[in-house]
Amino acid sequence: MNVVVLIKRVPDTETRIQIKDGQVVTEGISWIISPYDEYGVEEALRLIEKYTGKVTLLCLGPDDAKETIRKGLALGADEAVHLNDPAFAGGDASTTAKVHAAALKKKQFDLVLAGKQAVDEDNAQVGVRVAELLDLPHVNSVIKLDLSDDKKSAKCLREVDGDRDLAETALPAIITTQQGLNEPRYPSLKGIMGAKKKPIVDWKAADLGLDPATLGAKGAKLEVINIEPPAARPPGKIIPGDAATAAKELVHLLHEEAKVI
Amino acid sequence: MANNILIVAEGRDGTLRKVSYELVTVANEMAKGLGGAVEAVTLGSDIGKCAESLAKTGVSKVYQVDDAAMATFAPEIFTAALSEVIKKAQPAVILLGATGFGKELGASVGARLDLGLITDCTSFAVDGGTLVMKRPVYAGKAVATVKPKSLPVMVSIRPNIFAPAAEGSAGAPIEKVNFTAPTPRAKVVEKVKKEAVSVDLAEAKFVVSGGRGARSAEGFEPIKQLAKTLGAAVGASRAAVDAGWIDYSTQVGQTGKTVAPQLYIALGISGAIQHLAGMSSSKVIVAVNKDPDAPIFKVADYGIVGDLFDVVPVLNEEFKKVLSEK
Ligand SMILES: Cc1cc2nc3c(=O)[nH]c(=O)nc-3n(C[C@H](O)[C@H](O)[C@H](O)COP(=O)(O)OP(=O)(O)OC[C@H]3O[C@@H](n4cnc5c(N)ncnc54)[C@H](O)[C@@H]3O)c2cc1C
Ligand SMILES: Nc1ncnc2c1ncn2[C@@H]1O[C@H](COP(=O)(O)O)[C@@H](O)[C@H]1O
């Protein structure tokens, strides 16, 4: 079977976001595969180990994203498509989804995995949008995935708004991943060495038959006009005294001063 | 075209979720700047009560799409239903709750109708007739200001930020919208019971979280007790989740839930950047930690340097006293 995983390159979650002139400073950031997408890669690898087949990674990003793609290949994915065209830059979820949908049209697949959300802009849109654009069914926020014997359908446990539901979907489908789906593996040394020889093809707008004017910053429906640090919190107070005294005083303060209780 | 706003209400077990009332507040405020009517839609099966509640919030009209096929969630059916109402109502802004339901439906309808969607907004302004939204990015490590290049646009609003609108007595007209539900290829077939979580983290007014300092699953018991007293949701750091002391659905942080309750109590949590990302926009933060240098104290409004196992039982008793006086 063929599984495609959408992986986005995002700043390491350790990163302190620095801002200059209303934009995030990207120099010096170390980049990772968005954590939810790692669950996708892991799930795809496990499926292939069970059923045989191929795992293809799809990543839209600048030249530097190759490094992140290699990390995915090092984990065991077979090949990758780098959606790499300046025309894609500065887009929003709608344009990013259009590019992915066009790329997927050129691929044969049984299943597409994407993250529930990417941990940079926290949009939580691209996977679902791609499903809709390709007229494929989707199941969102999945924590357990079981394929039927004939691989024509899947049972998925999803976790949404504090509820757990069992969903069923026909395949091919798009499934978005949630924490709990699996424990992503670490790359092996052999994997890292092997990744260097695995194929990464670059596709541009022209390869996908897309009009650059409908993509990236030009085609986006939304415009980010500023990025700023969150409002600073006023300094807090440490409540003195032994545990019992301090606890009593705390409840008093929450009641009388902060008035949240 | 009038700049109408359409609220997508959300129900659960036959009643409207609180976020639906919060959306009314947002819509009323937006409508002042945009100049248009506020309408609402409720989607589901047997949702007459939801439609009636909604009609009493001051909106000018309620669309009710009531179909047995929507008794459980099927993305294709809900997408078709909402798309139908949007085509009919022709709103300039479609408002959803930034819940799992609202985010998913917003994305699918956005793709179907080729609309932009601004996810998880926490504030907004109408500037010279243009809608300008603010939303946390990088799980709250930064805030983005985003505007649509044109209307209509879809917007999801983070729960718990805006005051819910009250239900009055006068009812707005309710229009039933017929639509033909497609046969879905993906659908929810069963609700799965799990360890009873009484309060959903993302919507909770109060959150009580434990970290590695809780030491074990048993160590979470006093923390859960305290949460129960407060009617709070239980949260956790990733260290506690990874250790298997508590379910991973309780994880707060960049790769867990983002929460912004009125009160967040962090017990035995050091305050790693990924954890702070998920909770630092809480209104009031309390930290209890043995280590006076723990980074959590940098964001806490009130801190106690001490052992959580000494502090939590006293807190529990004191909160009980205060709550019973109310
Ligand atoms: C990709 C990635 C994503 C991540 N995402 C998240 C996330 O979403 N959420 C998250 O929380 N973490 C996340 N982390 C993990 C994060 O980096 C920290 O490791 C984690 O938050 C630490 O949890 P902790 O504070 O409970 O544990 P520790 O850092 O070990 O802190 C325990 C604290 O408890 C105190 N303590 C111990 N005993 C007691 C006691 N008896 N009474 C009072 N205090 C006591 C100690 O002084 C210490 O400060 C992520 C990490 C990575 C790499
Ligand atoms: N630029 C991108 N390249 C590859 N995959 C992406 C990209 N943007 C989003 N995705 C996928 O869509 C998911 C949701 O992203 P988002 O809608 O941006 O939160 C991510 O977890 C990825 O799986």
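A polar contact here is a pair of N or O atoms within 3.5 Å; within protein, one must be able to donate a hydrogen and the other to accept it, and residues adjacent in sequence count only if both atoms are side-chain atoms.

## Ground rules

This is a predicted model, in which local features need pLDDT of at least 70 and side-chain atom pairs count only at pLDDT 80 or more, while totals for chains, interfaces and linings use all residues. Residues are numbered from 1 along each chain as its sequence is written, chains are lettered from A and ligands numbered from 1 in the order in which they are written, and side-chain values use heavy atoms, without hydrogens and water.

## Ligand 2 in chain A

Let's start with D37(A): one of its polar side-chain atoms lies 2.4 Å from an oxygen atom of ligand 2. The backbone joins in too, with a polar atom of A124(A) 2.8 Å from an oxygen atom of the ligand. The protein buries 98% of the 480 Å² that ligand 2 exposes when taken alone (Shrake-Rupley method, 1.4 Å probe).

Around ligand 2 there are 18 residues (a heavy atom within 4 Å). β6(A) gives the largest share of this shell, three residues (strands are DSSP E runs of at least two residues, numbered from the N terminus).

## Ligand 1 between the chains

Ligand 1 lies between chains A and B, and 26 residues surround it. Among its partners in chain B, the side chain of Q274(B) has an N or O atom 2.7 Å from a ligand oxygen, and N289(B) places a polar side-chain atom 2.7 Å from an oxygen of ligand 1. Of the 990 Å² that ligand 1 exposes alone, the protein buries 80%.

Terms used:
Helix = DSSP H or I, 4+ residues; strand = E, 2+ residues; numbered from the N terminus.
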